[in-house]
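Biologist: I'm a first-year student and still getting used to reading protein models. Could you take one part, the way strands pair up, and walk me through it slowly, then show me what it connects to?

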Amino acid sequence: MGGKVQNTLIFSVAVLFLSLSSAASSSSSQYNTLVVNTLPSSPLLSSPESESLTTVSESTTSLSLHLSHVDAISSFSDASPAELLNLRLKRDSIRVKSLTSLAAVSARRNVTRRTPRSAGGFSGAVISGLSQGSGEYFMRLGVGTPATNMYMVLDTGSDVVWLQCAPCKVCYNQSDTIFDPSKSKTFATVPCGSRLCRRLDYSTECVRQRSKTCLYQVSYGDGSFTVGDFSTETLTFRGARVDHVAVGCGHDNEGLFVGAAGLLGLGRGGLSFPSQTKNRYNGKFSYCLVDRTSSGSASKPPSTIVFGNDAVPKTSVFTPLLTNPKLDTFYYLQLLGISVGGSRVRGVSESQFKLDATTGDGGVIIDSGTSVTRLTQSAYVALRDAFRLGAKRLKRAPSYSLFDTCFDLSGMSTVKVPTVVFHFSGGEVSLPASNYLIPVNTEGRFCFAFAGTMGSLSIIGNIQQQGFRVAYDLTGSRVGFLPRAC
């Protein structure tokens with residue numbers, strides 16, 4: 001009899017333990033802890049460090065570069081963090097309009113864009129450009145021989161590599177000296193009608209203008225454009241020389257470009273830097289973006305970009321890339337749904353993010369230059385309402401800019417907030433609380449960092465990507481996410 005009682009007692013204790021463990025596990029999947037760090041009242045940015053671009057062995061597979069913050073080279077370097085945030089959100093709206101405009105125009109085309117055919121590695125510094133009109137993240141590299149140091153925008157939403165060149169017909173202000181191709185031993189123009197020239201979308205422009213030199217033109221949805229000579233040049237990434245890179249040498253550059261010398265296109269198209277260097281770096285690169293106001297420190301590592309096999313960690317959560325028949329530049333992902341507080345959000349389904357394989361309409365892209373994730377309006381409303389319900393114990397605050405869901409967290413040091421998880425084809429990506437609830441002032445107002453769009457294109461922005469190593473594997477046709485990997 002005593003044995004039965006003892007066994008029953010052991011069984012009861014075991015059941016209680018499992019119940020408590022299950023409850024604890026369930027609770028951890030429902031809530032994240034947010035450390036309440038408001039925006040600082042004054043700039044925390046230091047001046048950019050000078051970087052030596054001395055050439056070393058080209059067999060180098062990985063290089064580490066130091067970081068500086070691009071705000072320090074801009075005209076807004078003395079602006080407060082709150083002012084920088086406002087500027088960033090204004091730029092973000094322009095960026096989204098530009099991407100959706102490009103996608104819409106491509107969807108209306110009757111023909112697809114041509115995609116040309118296309119191991120070591122290197123890594124470099126990524127510089128957060130909060131106050132730059134031309135992009136969000138920048139890299140320091142050398143152009144020509146001898147190398148001239150330049151800041152270039154990193155952009156996964158563009159293909160052509162280009163920079164401002166002397167002589168200028170129209171050039172915007174940049175922080176570095178404008179590149180003079182006549183002083184480079186490795187600069188060469190591309191002949192009109194050549195195979196390389198024909199890889200451009202508008203390769204007949206030089207024929208029309210009776211130019212012996214191939215001409216390029218890149219236009220952006222915000223009205224900005226760059227026009228000039230298509231050429232080849234050597235780029236130097238700290239210690240790694242990359243020869244014969246197809247580069248647009250822009251003599252007429254007009255629009256919202258500010259600060260940087262040009263753009264390093266990281267898109268999926270055939271003229272992007274990853275595609276051009278596929279034989280050397282295997283079509284692989286990754287970046288890890290730290291906090292938007294970080295300038296790098298021992299406790300907070302810098303943002304980095306890596307090219308080559310080392311760029312794609314094997315332990316990443318991978319999701320396959322989808323192909324848009326009308327637009328080969330963007331990185332399309334298959335988003336199946338979103339969870340809030342451990343439960344799938346009703347009203348958010350795969351159908352809202354579907355890429356039409358015939359028209360090229362819709363879909364979800366991941367983008368380095370967009371800050372705030374945009375979802376189709378119906379999906380956003382469902383996500384927002386689910387988050388509001390899960391955070392109903394938090395004190396609400398007035399809307400801010402494009403954010404319609406904000407909270408007053410003043411006086412708190414930490415707070416529990418509902419979890420947010422992306423469900424991709426192939427795996428799940430759970431976001432840290434700081435990637436979706438962000439400070440917008442110095443008084444403790446935090447806002448839910450998502451927004452809706454009336455268009456059919458959804459965009460995963462860089463705020464949600466912070467702290468992840470986001471790996472782009474063009475050869476394997478996949479994108480990977482590895483948390484806490486900066």
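**Strands, and what surrounds them**

Modeller: Phenylalanine 318 stands opposite glycine 480 in strand 30. Let's start from that pair, keeping in mind that this is a predicted model. Phe318 belongs to strand 14, residues 317-322, and this strand runs antiparallel to strand 30, residues 478-483, with four bridges between them. Strand 30 has another antiparallel partner, strand 29 (residues 468-473), and here there are six bridges. One of the matched pairs is phenylalanine 468 with proline 483. Strands 29 and 30 make a hairpin with four residues between them, and in that hairpin serine 477 has a positive phi near 55°.

Now zoom out for a second. The protein has 486 residues, and 53% of them are buried. Its secondary structure comes to seven helices and 30 strands, so you'll see plenty of pairing elsewhere.

Next, try the open sheet of four strands in the order 17-16-23-24, where the pairing is antiparallel. Strand 17 (343-344) and strand 24 (427-431) are at its edges, so each pairs on one side only. In between, strand 16 (residues 335-340) and strand 23 (residues 420-424) are antiparallel and share five bridges. If you want a pair to look up there, take glycine 337, whose bridge partner in strand 23 is histidine 423.

There's another open, antiparallel sheet of four strands, in the order 20-21-26-25. Its edge strands are strand 20 (396-397) and strand 25 (437-439). Strand 25 pairs with strand 26 (residues 445-448) over three bridges, again in the antiparallel sense. Isoleucine 438 has cysteine 447 of strand 26 as its bridge partner. Remember that cysteine; we'll come back to it.

What lies across this sheet? Helix 6 (residues 377-390) does, touching strands 20, 21, 25 and 26 and running at about 135° to strand 26. A good residue to click on in helix 6 is phenylalanine 387. Skipping its neighbours within four places in sequence, Phe387 is in contact with Val340, Phe407, Val417, Pro418, Val420, Tyr436, Leu437 and Phe448. Some of these sit on strands you've just met: Phe407 is in strand 21 (406-408), Leu437 is in strand 25 and Phe448 is in strand 26. Val340 and Val420 take you back to the other sheet, to strand 16 and strand 23.

Phe387 also shows up in the bigger picture. The largest nonpolar core has 71 residues, and Phe387 is listed with Phe273, Tyr436, Leu437 and Phe450 as having the most contacts inside it. A separate core, apart from that one, has 21 residues, including Val153, Cys206, Tyr216 and Phe230. In general, nonpolar side chains in soluble globular proteins tend to be buried together. The outside isn't free of carbon, though: the protein exposes about 20900 Å², and carbon and sulfur atoms supply 53% of that.

Back to Cys447. Which cysteine does it bond with? Its disulfide partner is cysteine 406, with the two sulfur atoms 2.0 Å apart. This pair links distant parts of the chain, Cys406 in strand 21 and Cys447 in strand 26, 41 residues apart. The torsion about the S-S bond is about 100°, so this disulfide is right-handed. Both cysteines are buried.

A search of the whole structure finds four disulfides, so let's look at two others. Cysteine 197 and cysteine 214 have their sulfur atoms 2.1 Å apart. Cys197 lies in the loop between strand 7 (188-189) and helix 3 (205-208), and Cys214 in the loop between helix 3 and strand 8 (215-219), so the bond ties together parts that are 17 residues apart in sequence. It's right-handed, because its S-S torsion is about 85°. Cys197 is buried, at 0% relative accessible area, and Cys214 also counts as buried, at 0%.

Cysteine 168 and cysteine 171 make another disulfide, with an S to S distance of 1.9 Å. Their link is left-handed, at -80° about the S-S bond. Are these cysteines buried or exposed? Neither quite: Cys168 counts as partly exposed because its relative accessibility is 35%, and Cys171, at 23%, counts as partly exposed too.

Key:
Residues are numbered from 1 along each chain as its sequence is written. This is a predicted model: local features need pLDDT of at least 70, side-chain atom pairs count only at pLDDT 80 or more; totals for chains, interfaces and linings use all residues. Side-chain values use heavy atoms; hydrogens and water are left out. A nonpolar core is a set of buried Ala, Val, Leu, Ile, Met, Phe, Trp, Tyr and Cys residues joined through side-chain atoms within 4.5 Å. Buried means under 20% relative accessible area, exposed over 50%, partly exposed in between (1.4 Å probe, protein chains only). Contact means heavy atoms within 4.5 Å. Two strands pair if DSSP finds at least two bridges between them. Helices (H or I, at least four residues) and strands (E, at least two) are DSSP runs, numbered from the N terminus. Axes are lines fitted to C-alpha atoms, for helices over the stretch in contact, and angles run from 0 to 180 degrees between N-to-C directions. Accessible areas come from the Shrake-Rupley method with a 1.4 Å probe; for residues, only the protein chains shown count as cover. A disulfide is a pair of cysteine sulfur atoms within 2.5 Å.
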